[in-house]
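Here are a few notes to go with the model, written as numbered points. Have it open in your viewer while you read.

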Amino acid sequence: MEPTNKKVSLLRIVAATVYDSLLMLGVWFLVGSLALGIKFVFTGEVSSLHPVTGMSLVILSTWLYFAMFWIYGGKTLGMSSWKLRIVSHCLLYTSDAADE
C-alpha cells in the first residue's frame, strides 16, 4: 500500500506529542525507581537522590529514549501510533500504510 502524502493537522501533532510525553513520564518513573533501588542496595538509606543526580538521570534517559527511536526507527512511538513521518526539515506528513 502506497503511503499518502497528506499534510498533518495540528491536532495530530499535539496528540503525538502528548503520547510521547506520557511515555517519557513512565520512563522517568522507571529510571527513578531503579536509581532509588540501587541506592538502597548499596547504602541502606531510604532517601531521595541528590538533585543533580536526579536531573542528570532525567536528561540522560530522555536523550536515550528519543535517540534510540530515531536511530532504529526514524520516528518516535507517538509518531508511529499516529502514523506520522517527516519528509523534510519543514514538512510533516501522515502515512496511512500500516508498515510506515
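**Notes on a helix serine and some rings**

1. Ser61 counts as buried, with a relative accessibility of 10%. That label applies because the cut-off for buried is under 20%. Keep in mind that this is a predicted model.

2. As for where it sits, Ser61 is part of helix H2. Its side chain reaches back to the backbone oxygen of Val58, at 3.1 Å.

3. Leaving out residues up to four places away in sequence, Ser61 touches Met24, Val27, Trp28 and Val31.

4. Now the rings. The structure has two aromatic pairs. In one of them, Tyr65 meets Phe66 edge-to-face, with 4.9 Å centre to centre and 85 degrees between the planes. The other joins Tyr65 to Phe69, again edge-to-face, at 5.0 Å centre to centre and 65 degrees between the planes. Both get the edge-to-face label because their planes are over 60 degrees apart.

5. Tyr65 and Phe69 both belong to helix H2, which spans residues 51–73. They are four residues apart, about one turn of the helix.

6. Taken together, the ring pairs link Tyr65, Phe66 and Phe69 into a cluster. Which of these rings are buried and which partly exposed? Tyr65 is buried, at 9% relative accessible area, whereas Phe66 is partly exposed at 28% and Phe69 is partly exposed at 27%.

Methods. Residues numbered from 1 in each chain as written. Predicted model: local features only at pLDDT ≥ 70, side-chain atom pairs only at ≥ 80, totals over all residues. Heavy atoms only, no water. Phe/Tyr/Trp six-rings, centres within 6.5 Å; stacked < 30°, edge-to-face > 60°. Buried < 20%, exposed > 50% of the residue type's maximum accessible area, 1.4 Å probe, protein only. Helix = DSSP H or I, 4+ residues; strand = E, 2+ residues; numbered from the N terminus. Polar contact = N/O pair within 3.5 Å; in protein donor to acceptor, adjacent residues only side chain to side chain. Contact = heavy atoms within 4.5 Å.
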